[in-house]
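Thank you all for coming; I would like to use these few minutes to walk through one structure. Please have the sequence and the model open while I talk.

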Amino acid sequence: MERVMKLGAESPVVIFTKSSCCMSHSIETLIRSFGANPRVYDLDELPNGMEVEKALVELGCKPSVPAVFIEKELVGGSNEIMSLNLRGNKLKQLLIRANAIWI
């Protein structure tokens with residue numbers, strides 16, 4: 001779990017994905033549409049991807065991907081990110097506060 005938190009703190013926005021997950025692609029596309037350049041970890045390509053996935057589940061991500069960290073904090077998965085986006089640009093505000101985008 002500590003390794004996941006460390007990876008999640010490497011960039012203002014970090015997304016854990018799987019190449020087979022269409023929601024992972026959708027969430028990455030949404031965040032990029034604001035102008036952010038997230039650090040993306042594809043669990044299929046990480047040598048310890050299964051361990052990272054297990055740690056994400058332990059942190060409360062169900063399903064495990066997509067999992068989004070903003071400003072070193074686990075924000076959640078696709079439901080949480082979409083909800084933030086639909087609630088008066090809360091997602092955009094988080095990205096601005098994390099210095100992931102500028103206005």
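I will go through the sheet, then the helices packed beside it, then the cysteines, and finally some backbone details.

Before anything else, please keep in mind that what you see is a predicted model, and that this applies to every value I quote.

Let me begin with the sheet. It is an open sheet of four strands, arranged in the order S2-S1-S3-S4, and its pairing is mixed. The edges are formed by strand S2, residues 39-42, and strand S4, residues 73-76, each of which pairs on one side only. From one strand to the next, the twist averages 25°.

Taking the pairs one by one, strand S1, which covers residues 13-17, runs parallel to S2 and is joined to S2 by four bridges. Within that pair, phenylalanine 16 has tyrosine 41 of S2 as its bridge partner. Between S1 and S3 there are again four bridges, but here the two strands run antiparallel, and valine 14 stands opposite phenylalanine 69 of S3. S3 and S4 are likewise antiparallel, with three bridges between them, and phenylalanine 69 turns up once more in this pair, this time opposite leucine 74 of S4.

Which residues of S3 are buried on its two faces? On one side they are Ala67 and Phe69, and on the other they are Val68 and Ile70, so that both faces of S3 are covered.

Now to the helices. Helix H4, residues 78-86, lies across strand S3, residues 67-70, and S4, and runs at about 85° to S4. H4 also meets helix H5, residues 90-97: the two axes come within 5 Å and cross at roughly 100°, which means that H4 is roughly perpendicular to H5. The contact itself brings Ile81, Leu84 and Asn85 of H4 together with Lys90, Leu91 and Leu94 of H5. By character, the residues of this contact divide into four nonpolar, one polar and one charged.

Let me turn to the cysteines. A disulfide is a covalent bond between the sulfur atoms of two cysteines. How many disulfides does a search of the whole structure find? The search finds zero. For cysteine 22, the nearest cysteine sulfur is that of cysteine 21, 5.8 Å away, whereas a disulfide would call for sulfur atoms within 2.5 Å. For cysteine 61, the nearest cysteine sulfur is again that of cysteine 21, at 12 Å.

Are these cysteines buried or exposed? Cysteine 22 counts as exposed because its relative accessibility is 59%, and the cut-off for exposed is over 50%. Cysteine 61 counts as buried because its relative accessibility is 5%, where buried means under 20%. Cysteine 21 is buried as well, at a relative accessible area of 17%.

Cysteine 21 sits in the loop between S1 and helix H2, residues 22-33. Leaving aside residues up to four places away in sequence, cysteine 21 touches Val65 and Pro66. Cysteine 21 and proline 66 are 45 residues apart in sequence, yet their C-alpha atoms are 7.9 Å apart in space.

A second pair of this kind involves glutamate 51, which lies in helix H3, residues 49-58. Glutamate 51 and valine 4 are separated by 47 residues in sequence and by 9.2 Å in space, C-alpha to C-alpha. Glutamate 51 is exposed, with a relative accessible area of 59%.

That leaves the backbone. Most residues other than glycine have a negative phi, and most peptide bonds are trans. Against that background, the bond from lysine 62 to proline 63 is cis, with omega near 0°, and the bond that joins valine 65 and proline 66 is also cis, with omega about -5°. Proline 63 is found in the loop between H3 and S3, and proline 66 has its place in the loop between H3 and S3 too.

The remaining backbone details belong to the hairpin of S3 and S4, which has two residues between its strands. Glutamate 71, although not a glycine, has a positive phi of about 55°, and lysine 72, also not a glycine, has a positive phi of about 70°. As for accessibility, glutamate 71 is partly exposed, at 39% relative accessible area, whereas lysine 72 is exposed, at 53%.

Conventions: Residues are numbered from 1 along each chain as its sequence is written. This is a predicted model: local features need pLDDT of at least 70, side-chain atom pairs count only at pLDDT 80 or more; totals for chains, interfaces and linings use all residues. Side-chain values use heavy atoms; hydrogens and water are left out. Two strands pair if DSSP finds at least two bridges between them. Axes are lines fitted to C-alpha atoms, for helices over the stretch in contact, and angles run from 0 to 180 degrees between N-to-C directions. Contact means heavy atoms within 4.5 Å. Angles under 35 degrees count as roughly parallel, over 145 as roughly antiparallel, 65 to 115 as roughly perpendicular and the rest as oblique. Ala, Val, Leu, Ile, Met, Phe, Trp, Tyr, Cys and Pro count as nonpolar, Asp, Glu, Lys and Arg as charged, and the others, Gly among them, as polar. Buried means under 20% relative accessible area, exposed over 50%, partly exposed in between (1.4 Å probe, protein chains only).
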